[in-house]
Amino acid sequence: MEPEKSKEAASQPMEAEAGDPVDPRELVSSDDEIDYSVEPEFYDPDLDDVDERWVNKQRKGRTSDAVLSCPACFTTLCLDCQRHETYVNQYRAMFVCNCKVKTDQILREGKGKQKNCKGKAADSSTKSEGENKGAVYHPVCCKVCSTEVGVFDEDEVYHFFNVIPSNT
């Protein structure tokens, strides 16, 4: 428990760090200390043009259907991609940034149990080894927050399905 302050101490102005006495009743708000006549340092009117030139240099003249971002942390993952013709929320790309391929994990395109002509489920273990193998993929994660955003296939193409697209 703190000791009680005397009435004299309570009426004394508070001391600022610089040693100047500051009475909190005199300050209306912290905005009183800000000089709005000076333009903020962090504003650059030419920054958008510089960013656009950088993106165009990265794309090397190619056009893109979207700029892809991580859904969790909004980090840019791809500047040059193609939208899937059938599945409009999926994209493919060859050149990415801020992505990590988990080569220690393998995902296969699975067919599961198939039905034969009589409608009975045929166990996939009865299939030959060649028929049972599907395409092999590796999970792709955001390098910043490790959110899974897509897969990487045998042809070294990235397939994104858990991303936020934005207009280019």
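Which residue, with a positive phi, follows α2? In this predicted model, the residue after α2 is Lys 60, and its phi is near 55 degrees. The helix itself covers residues 47–59. Its 13 residues should span 18 Å at 1.5 Å a residue, and the end C-alpha atoms lie 19 Å apart, so the expected and computed values agree.

Helix α2 also takes part in the largest pocket, which holds about 210 Å³ of space. Rolling a probe the size of a water molecule over the atoms shows where such empty space is left. The lining includes Trp 54, Gln 58 and Arg 59, together with Lys 60 and Arg 62. Further along the sequence, Leu 77, Cys 78, Leu 79 and Asp 80 line the pocket, as do Phe 95, Val 96 and Cys 97. Both α2 and β4 supply at least two residues of this lining, and the largest share, three residues, comes from α2. By character, the lining residues divide into seven nonpolar, one polar and four charged.

The largest nonpolar core consists of 16 residues. Among those with the most contacts inside this core are Leu 68, Leu 77, Cys 81, Tyr 91, Phe 160 and Val 163. At least two core residues come from each of β4 (76–78), β6 (91–93), β11 (136–142), β12 (148–153) and β13 (158–160). Leu 77 therefore appears in the lists for both the core and the pocket lining.Contacts of Tyr 91, leaving aside neighbours within four places in sequence, include Ala 66, Leu 68, Cys 81, Gln 82, Arg 83 and His 84. Tyr 91 is also in contact with Tyr 158, His 159, Phe 160, Val 163 and Pro 165.

Strand β3 (residues 67–69) contains Ser 69. With a relative accessible area of 12%, Ser 69 is buried, because buried means under 20%. Not counting residues up to four places away in sequence, Ser 69 touches Phe 74, Thr 75, Thr 76, Leu 77, Val 163 and Ile 164.

Phe 74, one of these contacts of Ser 69, is found in the loop between β3 and β4. Its relative accessibility is 58%, so Phe 74 counts as exposed. Most residues other than glycine have a negative phi. Phe 74, however, has a positive phi, near 65 degrees. Ser 146 likewise has a positive phi, of about 65 degrees, although it is not a glycine. Ser 146 lies in the loop between β11 and β12, and at 42% relative accessibility Ser 146 counts as partly exposed.

How values were computed
Residues numbered from 1 in each chain as written. Predicted model: local features only at pLDDT ≥ 70, side-chain atom pairs only at ≥ 80, totals over all residues. Heavy atoms only, no water. Core = buried A, V, L, I, M, F, W, Y, C linked by side-chain atoms within 4.5 Å. Buried < 20%, exposed > 50% of the residue type's maximum accessible area, 1.4 Å probe, protein only. Helix = DSSP H or I, 4+ residues; strand = E, 2+ residues; numbered from the N terminus. Contact = heavy atoms within 4.5 Å. 1 Å grid on protein atoms, 1.4 Å probe; cavity = no way out; pocket = protein on both sides within 12 Å on 5 of 7 lines; lining within 4 Å. Points joined across faces, edges and corners; volume = space filled by probe spheres on them. Nonpolar A, V, L, I, M, F, W, Y, C, P; charged D, E, K, R; others polar. Expected span 1.5 Å × (residues − 1).
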